[in-house]
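User: I would like to go through this model in a series of short questions. Please reason briefly each time and finish on the value or name asked for.

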Amino acid sequence: MPGFELFGELERKEVTDVLDNGVLMRYGFDGMRKGHWKAKELEIELQKYFQVDHAQLLSSGTAAVSMSLAVAGVGAGDEVIMPCFTFVASFEAIMMLGAIPVLVDIDDTLTLDIEAVKKAITPKTKAIMPVHMCGSMANLEALKSICDKHNLALIEDACQAIGGTYHGKPLGSYGDVGSFSFDYVKTITCGEGGAIITNNPKYAQFADHYSDHGHDHIGNDRGAETHPFLGYNFRISELNAAVGLAQIKRLNDFIAIQKNNYTIIREALSVIPEITFRTVPKGGEENYSFLSFYLPDLELTRKVSSEFKSNGVDGCFHYFDNNWHYIRKWDHLKEVKSLYPISKEVMEGLEYLKTKSFEKSDHFVGRNLSCLIKLSWTEKEVQDRAKKMVQIIKSVLH
Ligand SMILES: *Cc1c(COP(=O)(O)O)cnc(C)c1O
């Protein structure tokens, strides 16, 4: 998954452009910047790549997820349905707005379970937020029809699936708004950064203003601009955008390399009858950043995971026992351990987490290993790795 592995000449050139004139901010300073507008250029590249009318770069993926909800009007006391298997940023982004994350089960796609989503809808539900975990997507067609029926926003957290597609559309472009992260370990990186994409011009304008203290960006005197509504600062710097500008030009190459490495390992593991692979919804294509598969039960999965670790097969995650990606270890959320007081509505809205169980998710996450696919492996390294993985799994199973 990580673009950081292939940081090189292209990235250095773009960053040097910025350093040469010293304009590190994306807005203003027109005279000094010698025509370099890295954030603006990257937004145009994002629009092209993701085939959308608008892209707004931001300071992080967390800011992007939060803003994708904010532009759709999600706020105090609103419920947002999201999966219990994701990165903590997904619920952080909801809580930043004073809204309530409603966590529901996932299924064998490792993304939202459609029946669980239907059951979770209440009069307070404002949006459904699928998270396309580990390079593959939720069943967006089914979610869209639920959203249409109940008049809800469909907000895609596509942070982990940059470059995957669904029914021919880039992930992130199917719903009302899509969000991406370009943090250091994502498929392409800005160092730190994120973006939202949308075809809705009103949402695009909201994002443009909101991410820069409400600035309307009319005219060329920042101090004289007006502020139609409240905002924050979620701007990306030119230095970070410059790195991303180099990386997006290599995204198709990154995905091709990942697909090749993924396929070699997948074919090798396919000879083991006890192994099944994650389900990819019909019409979807992964970005091949992870190979995710299931073993027969939790204990065997723990054993394989620990054997992988002690035999040098790194980058395979057993998320069931991981602190950051699965509800089981999120006591700080269940107990709402906040630095500052949280509204009564949200406190009450989170009560369900004290008692709710996630058996269906336990069943899948407990048996899942997701193995990072690296860009820098040589063909021989991939072959050796695949062989080693097969050996280890076979020795644990038999
Ligand atoms: C990485 C990630 C984010 C947040 O991105 P940051 O840029 O690290 O803030 C949000 N959601 C998911 C699923 C992620 O993997």
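Analyst: A residue is near a molecule if one of its heavy atoms lies within 4 Å of it. The model is a predicted one.

User: Which residues come nearest to the ligand, and how many residues are around the ligand?
Analyst: The residues that come nearest are G61, T62, S181, D183 and K186. They belong to a set around the ligand, and the number of residues in that set is 15.

User: Which helices each supply at least two residues of the shell around the ligand?
Analyst: The shell can be traced back to the secondary structure of the chain, which comes to 14 helices and 14 strands. Those that each supply at least two residues of the shell are helix 3 (61-71) and helix 4 (89-95).

User: By class, what does the shell around the ligand have?
Analyst: Glycine is counted among the polar residues here. By class, the shell has three charged residues, four nonpolar and eight polar.

User: Which residue has a polar backbone atom 2.7 Å from an oxygen atom of the ligand?
Analyst: A polar contact is a pair of N or O atoms within 3.5 Å. Side chains approach the ligand too: a polar side-chain atom of D183 is 2.7 Å from a ligand oxygen, and one of Q160 is 2.9 Å from a ligand oxygen. The polar backbone atom 2.7 Å from a ligand oxygen belongs to G61.

User: How much of the area that the ligand exposes, taken alone, does the protein bury?
Analyst: The polar side-chain atom of Q160 lies 2.9 Å from an oxygen atom of the ligand. Taken alone, the ligand exposes 380 Å², and the share of that buried by the protein is 93%.

User: Which cysteines form a disulfide?
Analyst: A disulfide is a covalent bond between the sulfur atoms of two cysteines. The cut-off applied is 2.5 Å between the sulfur atoms, and the count comes to one disulfide. With sulfur atoms 2.1 Å apart, the pair is C316 and C371.

User: How many residues apart are C316 and C371, and in which strands?
Analyst: The link of C316 and C371 is right-handed, with 115 degrees about the S-S bond. The pair joins distant parts of the chain, C316 in strand 13 (residues 316-317) and C371 in strand 14 (residues 368-372), and the separation is 55 residues.

User: Is C316 buried or exposed?
Analyst: Buried means under 20% relative accessible area. Its disulfide partner is C371, and C371 has a relative accessible area of 3%, so C371 is buried. C316 has 9% relative accessibility and therefore counts as buried.

User: Why is the sulfur of C84 in no bond with the closest cysteine sulfur?
Analyst: C84 is buried, at 0% relative accessibility. Another cysteine, C147, is also in no disulfide, and the nearest cysteine sulfur to C147, that of C159, is 18 Å away. For C84, the closest cysteine sulfur is in C134, and that is too far for a bond because the distance is 13 Å.

User: What radius of gyration does the chain have, and how does that stand against a compact globule?
Analyst: Along its principal axes the C-alpha trace spans about 70 × 50 × 40 Å. Of the 398 residues, 56% count as buried. A compact globule with 398 residues would have a radius of gyration near 21 Å, and the chain agrees, with 21 Å.

User: Is N151 buried or exposed?
Analyst: N151 is not a glycine, although its phi is positive, about 60 degrees. N151 sits in the loop between helix 6 (140-150) and strand 5 (153-157). Exposed means over 50% relative accessible area; N151 has 72%, so N151 is exposed.

User: Is V336 buried or exposed?
Analyst: V336 also has a positive phi, about 45 degrees, although it is not a glycine. The loop that holds V336 runs between helix 11 (331-334) and helix 12 (344-349). The relative accessible area of V336 is 13%, so V336 is buried.

User: How far apart in space are D314 and S395, C-alpha to C-alpha?
Analyst: D314 lies in the loop between helix 10 (298-310) and strand 13. D314 counts as partly exposed, at 45% relative accessibility. D314 and S395 are 81 residues apart in sequence, and their C-alpha distance in space is 18 Å.

Key:
Residues numbered from 1 in each chain as written. Predicted model: local features only at pLDDT ≥ 70, side-chain atom pairs only at ≥ 80, totals over all residues. Heavy atoms only, no water. Polar contact = N/O pair within 3.5 Å; in protein donor to acceptor, adjacent residues only side chain to side chain. Areas by Shrake-Rupley, 256 points an atom, 1.4 Å probe, with all protein chains shown as cover. Helix = DSSP H or I, 4+ residues; strand = E, 2+ residues; numbered from the N terminus. Buried < 20%, exposed > 50% of the residue type's maximum accessible area, 1.4 Å probe, protein only. Rg over C-alpha atoms; globule rule 2.2 N^0.38 Å.
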